[in-house]
Amino acid sequence: MKVEDLNKCAGSTDWNVLYWVLGTILMPVALPLALFNIWQRFRAQKYRNQLPGKVVLITGASSGVGEALAHVFYKAGCKVILAARRTLELERVKKDLLALDLEPAYPPTVLGLDLAELNTIPDFVTRVLGVYNQVDILINNGGISVRADVASTAVDVDLKIMVVNYFGSVALTKALLPSMLKRKSGHICFISSVQGKFAIPQRAAYSASKHAMQAFADSLRSEVASKNINVSTVSPGYVRTQLSLNALTGTGKSYGKMDDSTAKGMSPDKLAERILKCILRNEPDILVSDVQAKVAYYLRHLCPSLFFWIMAKRALKLEKAEKKTG
Ligand SMILES: NC(=O)c1ccc[n+]([C@@H]2O[C@H](COP(=O)([O-])OP(=O)(O)OC[C@H]3O[C@@H](n4cnc5c(N)ncnc54)[C@H](OP(=O)(O)O)[C@@H]3O)[C@@H](O)[C@H]2O)c1
Ligand SMILES: *[C@@H]1O[C@H](CO)[C@@H](O)[C@H](O)[C@H]1NC(C)=O
């Protein structure tokens, strides 16, 4: 036998090993996954046909992700109820929707809501139920962020973030839940953040509010599972919205800057499409982000000390950058 032939031999064994690996290890995993994916698509299509006429309440619909959600659900033929503090902005969103000139479509409803005013939320829900008598899908999306380290954040600011992002959504969910339980039907979606999965420096209050939201949703999901009420949590990475502009500083002033990371984030329209799909497929908990945030998520749980080391570096970098800009 010549050396060349020997090489050929070795080559073909390599391929055999590869086929063996593919056949015995990957196929039993890949095939069911592929089938599961096809089945999910099929089911999502079935539910999409049921979307027209569904009543969808969206908080924080006056800008960013909420505004994009209003478009996506309106185009799907839903009866959208838009809520936020700035009703003028909501009217603008409503005008934009009506200008799409879709037929058939239900005219959007605009309702003022301040998530920080917890005592007003039961009345708000009475007004909501006055429109169509029911809500099929509640999307807890309204929220604010923070840009400050713990040492320079007033407790009032921690409280404000927690009230708007967490207690506001809790109060709204609880006020709507009885009507959903009565009908034995409903879907409650929480727009959390990757920061509801792991915390980064200068965002303690925000991250804490989203972690709390995640835990609340997980607990609620288990309780209402047998009552045909579905609960989804969506944790997006950076999205191109007004979030950083509207964020609070440690003293409670408006941060007022567009962060680079936010400006380079995903498009709110794409995220809104993904959220619709998540609801149709009844996915309980999804992470919508780039690879970096996904790696961070796994590191936080599988290798926390490395994650904390990286975050400490990041905190130092932020501190230095801040000193530079004053
Ligand atoms: N942008 C991101 O990078 C990102 C990433 C992950 C998760 N998220 C989450 O996505 C959600 C939407 O944020 P966004 O990015 O679209 O930011 P945004 O453009 O600033 O929109 C925030 C929305 O929340 C509403 N809101 C704020 N405070 C409120 C209050 N007290 N009562 C009622 N509504 C209130 C605002 O409406 P009014 O001012 O008219 O009240 C606005 O419609 C938030 O929960 C946020 O945490 C965003
Ligand atoms: C909840 O999800 C299940 C599928 O997991 C679906 O059969 C059911 O119709 C959903 N219920 C509501 C109210 O969306």
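A residue counts as buried here if 20 or more other C-beta atoms lie within 10 Å of its own. Keep that cut-off in mind, because alanine 171 has 20 other C-beta atoms within 10 Å and is therefore buried. What you're looking at is a predicted model. The chain splits into domain 1 (1-49), domain 2 (52-289) and domain 3 (291-326). The seven strands of an open sheet pair in parallel, and there are two ligands to look at, with 31 residues around ligand 1 and a shell of six polar residues around ligand 2.

**Domains**

- Take the C-alpha centres of domain 2 and domain 3, and you get a separation of 27 Å.
- Where the two meet, nine residues of domain 2 are in contact with nine residues of domain 3.
- On the domain 2 side of that meeting, the residues come out as five nonpolar, three polar and one charged.

**The sheet**

- Reading across the open sheet, the strand order is β3-β2-β1-β4-β5-β6-β7, with parallel pairing.
- The edges belong to β3 and β7; each has a single partner strand, so one side of each is left without a neighbour in the sheet.
- On average, neighbouring strands of this sheet are turned by 15° against each other, if you ignore direction.
- Strand β1 (residues 55-59) runs parallel to β2, and five bridges join the pair.
- Within that pairing, leucine 57 sits opposite isoleucine 81 of β2.
- Strand β2 (residues 79-84) is largely enclosed by the rest of the structure, because six of its six residues are buried.
- Both faces of β2 are covered, with Lys79, Ile81 and Ala83 buried on one side and Val80, Leu82 and Ala84 buried on the other.
- Further along, β5 (residues 186-191) and β6 (residues 229-236) pair in the parallel sense over six bridges.
- In this second pairing, histidine 187 stands opposite asparagine 230 in β6.

**Helices on and around the sheet**

- Helix α6 (residues 204-224) lies across β5 and β6, and runs at about 160° to β6.
- α9 also packs on the sheet, where it touches β4, β5, β6 and β7, and its direction makes about 150° with that of β6.
- Helix α5 (residues 155-183) is home to alanine 171.
- Beyond its neighbours within four places in sequence, alanine 171 is in contact with Leu118 and Ile121.
- Alanine 171 and proline 122 are 49 residues apart along the chain, yet their C-alpha atoms are separated by 8.0 Å.

**Ligand 1**

- Among the 31 residues around ligand 1, the ones that come nearest are Gly60, Gly64, Arg85, Arg86 and Gly143.
- Two elements give two or more residues to this shell, namely α2 (64-75) and α7 (243-246).
- α2 gives the most, with three residues.
- Sorted by class, the shell around ligand 1 has 12 nonpolar, 15 polar and four charged residues.

**Ligand 2**

- Which residues are around ligand 2? They are Ser185, Gly186, His187, Asn228, Asn230 and Asn282.
- The class count for this shell is six polar, with no nonpolar and no charged residues.
- Two of the names have come up already: His187 and Asn230, both around ligand 2, are the residues that stand opposite each other in the β5-β6 pairing.

**Backbone oddities in the loops**

- A cis peptide bond joins glutamate 103 and proline 104, with omega at about -10°.
- Proline 104 is found in the loop between α3 (87-99) and β3 (109-112).
- Asparagine 133 isn't a glycine, but it has a positive phi of about 75°.
- You'll find asparagine 133 in the loop between α4 (121-132) and β4 (137-140).
- Is asparagine 133 buried or exposed? It counts as exposed, because it has 10 C-beta neighbours inside 10 Å.
- Asparagine 282 is also not a glycine and has a positive phi, in this case about 50°.
- The loop between α9 (268-280) and β7 (285-288) holds asparagine 282.
- With 14 C-beta neighbours inside 10 Å, asparagine 282 counts as partly exposed, and Asn282 is also one of the residues around ligand 2.

Note on methods. Residues numbered from 1 in each chain as written. Chains lettered and ligands numbered in written order. Predicted model: local features only at pLDDT ≥ 70, side-chain atom pairs only at ≥ 80, totals over all residues. Near = placed C-beta within 6 Å. Helix = DSSP H or I, 4+ residues; strand = E, 2+ residues; numbered from the N terminus. Nonpolar A, V, L, I, M, F, W, Y, C, P; charged D, E, K, R; others polar. Domains from an automatic or database assignment. Contact = placed C-beta atoms within 7 Å. Buried ≥ 20, exposed ≤ 12 C-beta atoms within 10 Å, placed from the backbone. Pairing = 2+ DSSP bridges. Axes fitted to C-alpha atoms, helices over the stretch in contact; angles between N-to-C directions.
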